[in-house]
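Please open the model in your viewer and keep the selection panel at hand. The tour below moves from charged pairs to a sheet and then to a polar contact.

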Amino acid sequence: MRKMWKKAITVILALVMTLGLGLNVQAAALTAGENTNSTNVTITGLPGDKDVTFATYQVIKTNYDTATNELTYHLTGWAEAVLVTGSKTEADVIKDISALTTTGASPTEQNDIVNKLAAAGKTVYNASWTVSSNKTQATASLPIGSYLVLASCTDMTFLNMMVSVNAVATSTDPSGWTLEGKGAVLKGNPLSIGKKITGKKGSALQTPVDETTAAIGDVISYTINAAVPHYPANAASTIFKVKDTPTDLQIQKNTVQVFGVKADGTETELTSSFSPALDNNGVLTVDMSGNYLQLFCADGTYPYVKVKITYDAVLMESAKVVQGNSNRPELVYGSDPYKETEKTILGNSTLVYTYGLNLTKKNGDNEALSNAVFGLSSNGKKLKFIADKAAKGTYTLAKDQSAAGATDQLTTNDQGTFNIKGLDANVEYVLEETKAPSGYFRNHVSVTIKITPDTNAEGKLTGTIKSVSAKDKNGTALDNKGAWTCGIDQNQTAYVAVTLKDTKIPFLPATGGMGTVIFTIVGDALMILAIVLFIRSRKGRKEDK
């Protein structure tokens, strides 16, 4: 009876004991005792562009009796300690393993036995896996038995696998054994994270971009796409976080939304399942670790291939000119589903560029004029700025246009200049003088300025200005021969350079001044002289008579 049971186990194992695919058949004469006959086992489905390594652990080994031509199966010590518990016997466990019918064709397949083995303390088996030249499959020569195989790779997570080498007796001849190597399909998900700018000032962009231009205070919309890591259903560590670190951008927490995206592109909003957080440095963290098994590995399936996170951010007054103001996302995951081991994948940086304007006020003799006051408008609305108290004539566009202390008066300093930062490209700004320095006429002609940003050979923004268009209130382009001149500042090529020359008021005697007294005295004297001459003339005529 015992021999019949062992033969039955042998047949069952030979037929169905595998979680994988990839059949390799080889005829062999078995070695006596603990069997070492081996054949090739192949794992397919490797990503092709990554270096995958494999850790192997023997679960079932075999013994061959040459006298009876019988092969018996046994659990290795570590596997027995894990699986033979309660009322389960070794024979029961081997039978359970032989009943595993997973084909390896689906990425959602799970098995409690395999996962339990993967989570336990294990004894490494020395197996050498050879990866094909195209990195799509790996092969190892393994003795008869079953093996747990755990794959690892940079920026990927994998499900647990079991492979086997089975032996079938084709006759009573000790040499009449056929070895069958049954491999597996590698089931995992390449991890990546990417980010795009998808909107600006409340309007969606037709095509998402990696960079844009903006004025300080503009609202910019972002979308992050992060692949969902694959952890087994019994994972003790399900680290899954998305972080985003902004520079000179303020993420609006109340705009953060999270969506699960299926393979067919359909989306399910998951925002209410998480609590997005902003730290003191403005770094956004969406931690999905605690809800991973419920949402991303429900019933051992993987409904979503990625998560999509959207939010809005505001360009801050600390924004840099020339240097792009960036934010860069990170995907944080665990390299071992049974230990707390964090790894980070960095995504691409998105950049926001802003520009500036330098104005110089002069007189006809090219002398600097201080205390000239200007205003800058856009879309018919006068813009307000924050003045730098430590540097007169330095202004930053106010993020909040209604902020206390913001001013719409730009005043030239002792050098006859002021500079502003925080302007957008491809936007028309109207610059006008609102108050002239004492002794000069105010220039009543405004100038409209628009910046065209520069790009490199790859079409990427450089942060500098390519050209500046300037026109008067009639829409006529400036010829830079009149009072106004406009162009690119050659010393600061992310700034527009504007000059305006004011005309001096001609000298006139002041009312009540000394000049008036002189004219009055001379006039009075002439009048008195005329009267005297008139009287003498009349008197002379009378005497002649």
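A salt bridge is here a side-chain nitrogen of Lys or Arg within 4 Å of a carboxyl oxygen of Asp or Glu. The model you are looking at is predicted, and the structure holds 12 salt bridges in that sense.

Begin by selecting Glu433 and Lys361, which form a salt bridge whose closest N and O atoms are 2.1 Å apart. This pair links distant parts of the chain, since Glu433 belongs to strand E35 (residues 428-435) and Lys361 to strand E28 (residues 355-363), 72 residues apart. Are the two residues buried or exposed? Both Glu433 and Lys361 are buried.

Keep Lys361 selected and add Asp502, with which Lys361 forms a salt bridge, the closest N and O atoms again lying 2.1 Å apart. Here, too, distant parts of the chain are linked, with Asp502 in strand E39 (residues 495-502) and Lys361 in strand E28, 141 residues apart. Asp502 is buried, as is Lys361. If you then select Lys196, Asp210 and Lys460, you will find them joined into one network by salt bridges that share partners.

Next, move to Lys308 and Glu267, whose side chains meet in a salt bridge of 2.9 Å, taken from N to O. Lys308 lies in strand E24 (residues 306-315) and Glu267 in strand E21 (residues 267-269), so this pair ties together parts that are 41 residues apart in sequence. The two partners can be coloured by accessibility: Lys308 counts as buried at 18% relative accessibility, whereas Glu267 is partly exposed, with a relative accessible area of 41%.

Now return to strand E28 and display the open sheet of 6 strands, whose order is E31-E32-E34-E28-E39-E38 and whose pairing is mixed. Strand E31 (385-387) and strand E38 (484-488) stand at the edges with a single partner strand each, so one side of each has no neighbour in the sheet. On average, neighbouring strands of this sheet are turned by 20° against each other, direction ignored. Within the sheet, E28 and strand E34 (residues 417-423) pair in the antiparallel sense over 6 bridges; to look at one position along E34, select Phe418, opposite which Leu359 stands.

As a last stop, select Thr72 in strand E5 (residues 70-75). Which side chain does the side chain of Thr72 contact? The partner is the side chain of His74, in a polar contact of 3.2 Å. Thr72 is buried, with a relative accessible area of 14%.

Methods
Residues are numbered from 1 along each chain as its sequence is written. This is a predicted model: local features need pLDDT of at least 70, side-chain atom pairs count only at pLDDT 80 or more; totals for chains, interfaces and linings use all residues. Side-chain values use heavy atoms; hydrogens and water are left out. Helices (H or I, at least four residues) and strands (E, at least two) are DSSP runs, numbered from the N terminus. Buried means under 20% relative accessible area, exposed over 50%, partly exposed in between (1.4 Å probe, protein chains only). A polar contact is a pair of N or O atoms within 3.5 Å; within protein, one must be able to donate a hydrogen and the other to accept it, and residues adjacent in sequence count only if both atoms are side-chain atoms. Two strands pair if DSSP finds at least two bridges between them. Axes are lines fitted to C-alpha atoms, for helices over the stretch in contact, and angles run from 0 to 180 degrees between N-to-C directions.
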